[in-house]
Amino acid sequence: MELTIGEDGTVVLPLGVLAEAGLSPGSSVLAYSQGDGRIVLRRAEDALEQLMEEGTL
């Protein structure tokens, strides 16, 4: 699925993509770059758990 970055810098993700990832409207996520051309969204609680256990995201 190809998405377009809007003039205001926003990207709209279809609900189906969120549902496939186990996310629902209102979920807290962290967004970060993982190299050139790659953006990662992670459920906030999962990222914080990994950070506490392993010291990395």
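Me: What makes the contact between Arg43 and Asp46 a salt bridge?

Reply: In this predicted model, the side chains of Arg43 and Asp46 come to 2.5 Å, N to O. The cut-off is 4 Å between a side-chain nitrogen of Lys or Arg and a carboxyl oxygen of Asp or Glu, so the pair qualifies.

Me: How many salt bridges does that rule give?

Reply: The count comes to 1 salt bridge.

Me: And why is Arg43 called partly exposed?

Reply: Its relative accessible area is 27%. Buried means under 20% and exposed means over 50%, so Arg43 falls in between. Asp46, at 28%, is partly exposed because of those cut-offs too.

Me: How do you know that Val11 is partly exposed?

Reply: Val11 has 41% relative accessibility, and that sits between 20% and 50%, so partly exposed is the right label. You'll find Val11 in the segment before α1 (15–20).

Me: What makes Val11 fit for a nonpolar surface patch?

Reply: A patch residue needs over 30% relative accessible area, and Val11 has 41%, so Val11 passes that cut-off. The patch covers about 700 Å², and Val11 shares it with Met1, Leu3, Ile5, Leu13, Val17, Val29 and Leu41.

Me: Which residues line the largest pocket?

Reply: Val11 again, along with Leu3, Ile5, Leu13, Ile39 and Leu41. The space in this pocket is about 250 Å³.

Me: How do you know what class of residues makes up that lining?

Reply: Val, Leu and Ile count as nonpolar, so the lining comes out as 6 nonpolar, no polar and no charged residues.

Technical notes:
Residues numbered from 1 in each chain as written. Predicted model: local features only at pLDDT ≥ 70, side-chain atom pairs only at ≥ 80, totals over all residues. Heavy atoms only, no water. Patch = residues over 30% accessible without salt bridge, like charges linked within 9 Å, V, L, I, M, F, W, Y side chains within 5 Å. Areas by Shrake-Rupley, 256 points an atom, 1.4 Å probe, with all protein chains shown as cover. Helix = DSSP H or I, 4+ residues; strand = E, 2+ residues; numbered from the N terminus. Buried < 20%, exposed > 50% of the residue type's maximum accessible area, 1.4 Å probe, protein only. 1 Å grid on protein atoms, 1.4 Å probe; cavity = no way out; pocket = protein on both sides within 12 Å on 5 of 7 lines; lining within 4 Å. Points joined across faces, edges and corners; volume = space filled by probe spheres on them.
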